[in-house]
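Colleague: Before I rely on this model, could you take me through how its helices are packed, one question at a time?

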Amino acid sequence: PVYGLSADVERQLADILASLEHMASRDSIRNGRMWMECNSAIALQIAGNIMKRISFIPTCAHRLHILYLVHDVLQTEAARKDGMRPLIRAFKPFLLWILRPAYQHALSASSNGEESQRVL
């Protein structure tokens with residue numbers, strides 16, 4: 001089940017994902033990761049909402065940029081020494097359902113498979 005976010009948190013998440021539309025700059029990825037780390041108490045809701053939203057994003061590049069953000073969040077948390085990993089636990093049940101629409105859209109968007117290789 002995907003639980004809803006408060007209106008304020010939903011707007012903040014929408015702003016973070018919108019900032020990744022044209023370019024996944026180092027700063028936008030870092031800001032998104034820091035926001036998710038600060039909101040790790042509701043990480044399950046954030047992951048579920050990313051899963052819901054990614055299917056409605058029209059471009060492969062934007063979906064790929066969101067995957068870059070998710071990758072950065074998971075890699076940063078995996079590199080930490082402490083055993084508490086709330087973001088990894090939160091994203092784990094949704095990860096396949098975040099990746100799947102990005103990969104399928106990339107397959108359908110390119111004739112030579114170049115976009116789908118970027119997702120992989």
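**Packing of the helices**

Colleague: What covers the buried residues of α3?
Modeller: This is a predicted model, in which local features need pLDDT of at least 70 and side-chain atom pairs count only at pLDDT 80 or more, while totals for chains, interfaces and linings use all residues. Residues are numbered from 1 along each chain as its sequence is written, and side-chain values use heavy atoms, with hydrogens and water left out. Helices are DSSP runs of H or I with at least four residues, numbered from the N terminus, and the buried residues of α3 (under 20% relative accessible area, 1.4 Å probe, protein chains only) are Ala43, Ile46, Ala47, Gly48, Asn49, Ile50, Met51 and Ile54. Taking contact as heavy atoms within 4.5 Å, the elements that cover these residues include α1, α2, α4, α5 and α6 (95–109).

Colleague: Within what arc do the buried residues of α2 fall?
Modeller: The residues of α2 that count as buried are Ser28, Ile29, Gly32, Arg33, Trp35 and Met36, and their cover includes α1 (7–19), α3 (43–54), α4 (60–78) and α5 (86–91). On the other side of the helix, Arg26 and Cys38 are exposed, that is, over 50% relative accessible area. The arc is taken from the directions that run from the helix axis to the C-beta atoms. Seen down the axis of α2, the buried residues line one face of the helix, because they fall within an arc of 160°.

Colleague: Which element gives the most to the largest nonpolar core?
Modeller: Such a core is a set of buried Ala, Val, Leu, Ile, Met, Phe, Trp, Tyr and Cys residues joined through side-chain atoms within 4.5 Å. The largest one has 29 residues, of which Met36, Ile50, Leu69, Phe91 and Ile98 touch the most other members. Two or more residues come from each of α1, α2, α3, α4, α5 and α6, and the element that gives the most, with seven residues, is α4.

Colleague: How far apart in space are Ile98 and Ala47?
Modeller: Ile98 belongs to helix α6 and counts as buried because its relative accessibility is 0%. Leaving aside neighbours within four places in sequence, Ile98 is in contact with Ala47, Ile50, Met51, Ile54, Leu67 and Phe91. Although Ile98 and Ala47 are 51 residues apart in sequence, their C-alpha to C-alpha distance is 8.7 Å.

Colleague: At what distance does the side chain of Arg63 reach the backbone oxygen of Ile57?
Modeller: Arg63 lies in helix α4 and is buried, since its relative accessible area is 6%. Residues up to four places away in sequence aside, Arg63 touches Ile54, Ser55, Phe56, Ile57, Pro101, Ala102 and His105. A polar atom of the Arg63 side chain lies 2.9 Å from the backbone oxygen of Ser55, and the Arg63 side chain reaches the backbone oxygen of Ile57 at 2.8 Å.

Colleague: How many disulfides does the count come to?
Modeller: Cys38 counts as exposed because its relative accessibility is 69%, whereas Cys60 counts as buried because its relative accessibility is 13%. With a disulfide taken as a pair of cysteine sulfur atoms within 2.5 Å, the number of disulfides comes to zero.

Colleague: Returning to α2, which residues does Met36 touch?
Modeller: Met36 is one of the buried residues of α2 and is also among the residues that touch the most other members of the largest nonpolar core. Not counting residues up to four places away in sequence, Met36 touches Ile46, Ile50, Leu69, Val73, Leu87 and Phe91.

Conventions:
Polar contact = N/O pair within 3.5 Å; in protein donor to acceptor, adjacent residues only side chain to side chain.
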